[in-house]
Amino acid sequence: MVPNTIRVSVGILGNAASMLLYAAPILTFRRVIRKGTVEEFSCVPYILALFNCLLYTWYGLPVVSSGWENITVSTINGLGILLEITFISIYVWFAPREKKRFALQLVLPVLTLFGLTVFFSSFMVHTHRMRKVFVGSVGLVASISMYSSPMVAAKQVIVTKSVEFMPFYLSLFSFLSSALWMIYGLLGRDLFIASPNFIGVPMGILQLVLYCIYRRSDGAAGKLHGSDQENGLKAVVAMRPQEVPGVKPEVAEGLK
């Protein structure tokens with residue numbers, strides 16, 4: 001009884017961390033809406049997150065799992081589906097034609113693969129154990145892909161030496177969510193929940209380390225830029241009117 005209580009408690013904490021993770025891009029998409037452009041943001045992490053949420057919502061339902069043993073998995077991933085669909089819709093709306101086409105070309109195979117997974121697990125596999133193995137295996141691949149997708153942003157951070165397109169809270173909540181769901185899976189001896197998070201945890205740590213390293217670079221660049229502006233302003237203020245370029249001597253005399 002006690003281990004199950006602990007597992008449920010960890011699942012609730014995992015729900016909270018995952019909710020923050022799924023909600024973290026809200027700030028990013030507020031910026032997209034405000035500027036009317038997706039800039040250099042990638043749609044790949046959101047589409048892979050949608051695939052992951054679809055699969056694990058299905059995995060946690062009684063059709064696949066035994067009873068409601070994984071209800072916490074279904075609830076948070078159901079919320080994740082709604083948020084990811086919203087983010088992808090905003091992205092497609094504001095993306096240029098090439099990025100819009102790429103996003104749609106990626107979404108269609110994801111939805112098709114999920115549909116096939118639901119079909120085969122419902123009508124071709126007849127026991128809960130085998131359904132969990134089948135859906136969990138597909139979910140494992142999807143989760144590994146989802147947790148690996150931020151490496152695109154990490155590569156961009158290293159190349160540009162800027163963390164502008166890798167939000168801190170997204171990296172932080174990704175790490176916390178992975179750690180909690182890894183513990184949840186281990187407590188329930190469910191490797192299909194625990195295994196992908198063995199990758200998610202180090203990926204989250206890597207993103208946080210990169211943020212700490214290159215955030216200093218951003219800060220130093222900002223300070224240098226501010227210092228240059230300040231020095232330039234001081235130089236202009238220090239000049240006597242007659243020394244201002246483009247001002248005629250007679251006008252400068254009148255300014256005294």
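**Salt bridges, helices and a nonpolar patch**

The structure, which is a predicted model, holds four salt bridges. Three residues, Arg31, Lys35 and Glu39, are linked in a network of such bridges. Within this network, Arg31 pairs with Glu39, and the closest N and O atoms of the two are 2.7 Å apart, while Glu39 also forms a salt bridge with Lys35, for which the closest N and O atoms are 3.4 Å apart. The two basic partners of Glu39 sit in unlike surroundings: Arg31 has a relative accessible area of 15% and is therefore buried, the cut-off being under 20%, whereas Lys35, with a relative accessible area of 46%, is partly exposed.

Another of the salt bridges joins Glu69 to Lys132, with the closest N and O atoms 3.2 Å apart. This pair links distant parts of the chain, since Glu69 belongs to the loop between helix 3 (44-60) and helix 4 (71-94), Lys132 belongs to helix 6 (residues 128-148), and the two are 63 residues apart. As for their cover, Glu69 counts as partly exposed at 33% relative accessibility, and Lys132 counts as buried at 17% relative accessibility.

The frame that carries these contacts can be described next. The chain has ten helices and zero strands, and buried residues make up 40% of its 256 residues. Helix 3, which precedes the loop that holds Glu69, has 17 residues and reaches 24 Å from its first C-alpha to its last, close to the 24 Å expected at 1.5 Å a residue. Helix 3 is also mostly covered, with 15 of its 17 residues buried.

Helix 8 (residues 168-187) allows a similar check of its length, because its 20 residues should span 28 Å at 1.5 Å a residue, and the 29 Å between its end C-alpha atoms agrees with that value. Its buried residues are Ser171, Phe173, Ser174, Ser177, Ser178, Trp181, Met182, Tyr184 and Gly185. Seen down the axis of helix 8, these buried residues fall within an arc of 170°, so they line one face of the helix. The general geometry helps in reading such a pattern: an α-helix has 3.6 residues a turn, so residues three or four places apart point the same way. Just after helix 8, Arg189 takes a positive phi of about 55°.

A nonpolar patch on the surface is formed by Leu113, Leu116, Phe119, Phe120, Phe123 and Met124, which together have about 600 Å² of accessible area. One of its members, Phe123, lies in helix 5 (residues 97-123). Phe123 has a relative accessible area of 55% and is therefore exposed, the cut-off being over 50%.

These elements can finally be set beside the database record. In an unreviewed entry, UniProt lists residues 6-29, 41-59, 71-94, 106-127, 133-154, 166-187 and 193-214 under "transmembrane region", an annotation that may be inferred rather than shown by experiment. In the model, the span of residues 6-29 is 96% helix and 0% strand, and its end C-alpha atoms lie 36 Å apart. Over residues 106-127, the chain is 82% helix and 0% strand, with the end C-alpha atoms 32 Å apart.

Methods:
Residues are numbered from 1 along each chain as its sequence is written. This is a predicted model: local features need pLDDT of at least 70, side-chain atom pairs count only at pLDDT 80 or more; totals for chains, interfaces and linings use all residues. Side-chain values use heavy atoms; hydrogens and water are left out. Patches are made of residues with over 30% relative accessible area and no salt bridge: like charges are joined within 9 Å, nonpolar side chains (Val, Leu, Ile, Met, Phe, Trp, Tyr) within 5 Å. Accessible areas come from the Shrake-Rupley method with a 1.4 Å probe; for residues, only the protein chains shown count as cover. A salt bridge is a side-chain nitrogen of Lys or Arg within 4 Å of a carboxyl oxygen of Asp or Glu. Helices (H or I, at least four residues) and strands (E, at least two) are DSSP runs, numbered from the N terminus. Buried means under 20% relative accessible area, exposed over 50%, partly exposed in between (1.4 Å probe, protein chains only). The expected span of a helix is 1.5 Å times one less than its number of residues. The arc is that of the directions from the helix axis to the C-beta atoms.
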